[in-house]
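Please open the model in your viewer and keep the sequence panel beside it, since each stop on this tour begins with a selection.

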2 protein chains.
Amino acid sequence: MTTMQDVATRAGVSAKTVSRVFNDDPHVTEDTRERVQAAMRELKYVPNMLARTFREGRSAVIGIAVPDVADPFFAAVTKGIELAAREHDMAIVVTSLGDNPALEKSIIETTVRRQIDGLIIAPIAADQSYLARWQDSFPIVFIDRIPTKLHADYFVEDDFGGAFEATQHLIAHGHRRIAIVGDSTEVPTTKLRLEGYRAALEAAGLENDDDLIALGSRDGDAAAHVCRTLLALPDAPTAIFSSNARFSTGVFPALQALNRTDIALISFGDFPMADVLQPSVSVIDQNPRHVGRVAAERILARIAAPTKRFRRKNVIPVKLIERQSCQSSVPHLPLAASQ
Amino acid sequence: MTTMQDVATRAGVSAKTVSRVFNDDPHVTEDTRERVQAAMRELKYVPNMLARTFREGRSAVIGIAVPDVADPFFAAVTKGIELAAREHDMAIVVTSLGDNPALEKSIIETTVRRQIDGLIIAPIAADQSYLARWQDSFPIVFIDRIPTKLHADYFVEDDFGGAFEATQHLIAHGHRRIAIVGDSTEVPTTKLRLEGYRAALEAAGLENDDDLIALGSRDGDAAAHVCRTLLALPDAPTAIFSSNARFSTGVFPALQALNRTDIALISFGDFPMADVLQPSVSVIDQNPRHVGRVAAERILARIAAPTKRFRRKNVIPVKLIERQSCQSSVPHLPLAASQ
DNA sequence: AAAACTTATGTCATCGATGACATGACTTGC
DNA sequence: GCAAGTCATGTCATCGATGACATAAGTTTT
């Protein structure tokens, strides 16, 4: 590793002068500048970022903590963050939190020690109060899920609105018995989506049947199982609202295996190939890349202007992408309540 | 930010003693240790990793550079690397190279300045000689594609073998006119897959029709277009070998749109939902997570034993996953050549 | 021509943790 | 009772880059 001192010796100047040349300081004669540059080239000098960032106390790194980097949703979020970060010469350190909430805190703390300049987190635990002590060291932005027991910036999708729209869409296609599948209502996101679902049913004057609320799945396979149970009910649903793309990729094959593609399906969250499945699956699109970008931009803005005030709560609108999966031939029954 | 000096002052000792307590040095009295630990707790001391790693000249970071973090294949590779790295308290810094080969070098150089301890790269450019100068600073491991103009460790899938097997599989299902779709043969991976394809045709005594070699696509959409062109040929293929999952996700919908799911399809590289499409798509599975893990383990092994010798070239076997997409009802024609 | 300023370059200290070595207190052995 | 040894703790220098300040030339002003 060539250091500035090595270059300085070679060029017959002091390390400080090399530093000046490197940083385009105008107070260097053309002659000296050229000698130093020649020395840098000969010795293939490359700055030691670690030294510089250490001195400045900042690492030019944004930490990202998501449940799973390999999940298409978070992979896309990561990409959005990366592109925005790169425009400011920032690198990203990525961590998967996994699915054990108990580990969240320690995983984050390992990341934090690296003097990151900002943290973007999609938490899995039910309490983020442990992050409070870091908040005056660097900005923290939550994505996908709102922070619990902590005040911090967040960018979440419109869970309530999206769920409402999805459910309404199913109702508009004539469905009256609509099930909701997903994980636990302890997940704030899921709770909101359930509320949106319920609100849409109520707005249409449909009754809320608890048998059709099939939450609590842990993964796609569990959702598939839940789905089979639902269809075996005496008064089975004609439509399923999957509250999360992760479960949709379990539910869809289950319907297919049962040869029940007549059951309508709508997914909160787009997923790969959803548009070419048969039937293609209608979804509420969350635009993960955009979520990543705005979260990164907020981090960067907060770094640039630490005292400026920003809107803390940010809800990103979602968009219904209509495909085929809700067009099953259900007779258009009159709604129970009048229009 | 509390420093060791702060803790030291609080506990009435020197910074060095705090360092000793922190690093479990036995030469500290129980009494002092407790006082220091109390001070650490009160001041919420957290070590400054940047200072430590700067002093040691290592950053405890593995750099990862892939064409696109959001691509499911590389997202899975990344996850594999992350899990292996975490076991050694290493973090990962992820970078997308994009699709402009001219930018590869500069993107990598920005990453390298951060004094990474190792680099895992899936290159996109046709020349990696620029990496030579880094090789004695830290280990470099190539994945997915072999290095060009550089000697370095690599872990690649069995491109030739997988392509051979895929093509053979199509032949075994009665196909005689088999097209290959993919990107440019300038990509080493694609070149090898083309060779595997050709070898399989030859082994079966089938002639090689250049009209069926439809390489050069840039993305899924281009592949879809190529696919339509192929099917419009007077003597159209009955089967398509997609040399890359990225293109399969373009080809499949194209076949579907044309209502030509009778055309057999096999993909080099599994992709999300391939198993639930109709027909489900047979693939050559590359096990990206495993690729990531072994690459990371090699980096870690090289860091631990810099002088040890390792096998540089590593070919990871691939596995044919048979699904429905090759079972189209093509009459079993006799092979042109005798068995 | 002396004072005042400008300009190129150098010296030193610093960021936080920690190795190398020093010091001083106390113990052990003969 | 004193040399040698053990142990807790401290001091200093270091990693590489760079701000603050210093110096030594040359230039302008009066």
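Begin with helix α5 of chain A and colour its buried residues, namely A:F73, A:F74, A:A75, A:A76, A:V77, A:T78, A:K79, A:G80, A:I81, A:E82, A:A84 and A:A85. The model is a predicted one, and all that follows should be read with that in mind. Because 12 of the 15 residues of α5(A) are buried, this helix is largely enclosed by the rest of the structure. Select the whole of the helix, residues 72-86 of chain A, and consider its length: at 1.5 Å a residue its 15 residues should span 21 Å, and its end C-alpha atoms are 21 Å apart, which agrees.

From α5 of chain A, step on into the loop that leads to β2 (91-96), where A:D89 is found. A:D89 has a positive phi of about 55 degrees although it is not a glycine, and this deserves a pause, because most residues other than glycine have a negative phi. Is A:D89 buried or exposed? With a relative accessibility of 56%, A:D89 counts as exposed, since the cut-off for that class is over 50%.

Next select A:K149, which lies in the loop between β4 (140-143) and β5 (153-157) of chain A. Here too a residue that is not a glycine has a positive phi, about 55 degrees in the case of A:K149. The relative accessible area of A:K149 is 60%, so this residue is exposed.

Now move to the beginning of chain A and show helix α1 (residues 4-11) together with helix α2 (residues 15-22). Two packed helices are described by the angle between their axes and the distance between the axes. In chain A, the axes of α1 and α2 come within 8 Å and cross at roughly 105 degrees, which makes α1(A) roughly perpendicular to α2(A). To see the contact itself, display the side chains of A:M4, A:Q5, A:V7 and A:A8 from α1(A), and those of A:A15, A:V18, A:S19 and A:F22 from α2(A). Sorted by character, the residues of this contact between α1(A) and α2(A) comprise six nonpolar and two polar ones, with no charged residue.

Stay with α2(A) and restrict the selection to its buried residues, which are A:T17, A:V18, A:S19 and A:V21. What do the buried residues of α2(A) pack against? Their partners are α1 and α3 (30-43) of chain A. After α2(A) comes A:D24, whose phi is positive, near 55 degrees.

For the next stop, select A:Q278 and A:P279, which are joined by a cis peptide bond with omega at about -5 degrees. The bond is worth inspecting, because most peptide bonds are trans. A:P279 has its place in the loop between β9 (264-268) and β10 (282-285) of chain A.

Turn now to chain B, where a cis peptide bond joins B:Q278 and B:P279, again with omega at about -5 degrees. B:P279 is in the loop between β9 (264-268) and β10 (282-285) of chain B.

At the start of chain B, select helix α1 (residues 4-11) and helix α2 (residues 15-22), which pack at an angle of about 105 degrees with their axes 8 Å apart; α1(B) is therefore roughly perpendicular to α2(B). The residues that meet are B:M4, B:Q5, B:V7 and B:A8 in α1(B) and B:A15, B:V18, B:S19 and B:F22 in α2(B).

Continue in chain B to B:D99, in the loop between β2 (91-96) and α6 (104-112). At 61% relative accessibility B:D99 counts as exposed. Leaving aside residues up to four places away in sequence, B:D99 touches B:I124 and B:R218. Add B:D68 to the selection: B:D99 and B:D68 are 31 residues apart in sequence, while their C-alpha atoms are 8.4 Å apart in space.

Finally, show both chains at once. Chain B is superposed on chain A, with an RMSD of 0.1 Å, by a rotation of 180 degrees with 0.1 Å of shift along its axis, and the two copies are thus related as by a two-fold rotation axis. To locate this axis from the side of chain B, select B:V93, which of the residues of that chain comes closest to the axis, its C-alpha being 2.3 Å away. End at the interface: 100% of the interface residues of chain B are also interface residues in chain A, so the copies meet through the same surface.

How values were computed
Residues numbered from 1 in each chain as written. Chains lettered and ligands numbered in written order. Predicted model: local features only at pLDDT ≥ 70, side-chain atom pairs only at ≥ 80, totals over all residues. Heavy atoms only, no water. Axes fitted to C-alpha atoms, helices over the stretch in contact; angles between N-to-C directions. Helix = DSSP H or I, 4+ residues; strand = E, 2+ residues; numbered from the N terminus. Parallel < 35°, antiparallel > 145°, perpendicular 65-115°, else oblique. Contact = heavy atoms within 4.5 Å. Least-squares fit on C-alpha atoms with pLDDT ≥ 70 in both. Expected span 1.5 Å × (residues − 1). Buried < 20%, exposed > 50% of the residue type's maximum accessible area, 1.4 Å probe, protein only. Nonpolar A, V, L, I, M, F, W, Y, C, P; charged D, E, K, R; others polar.
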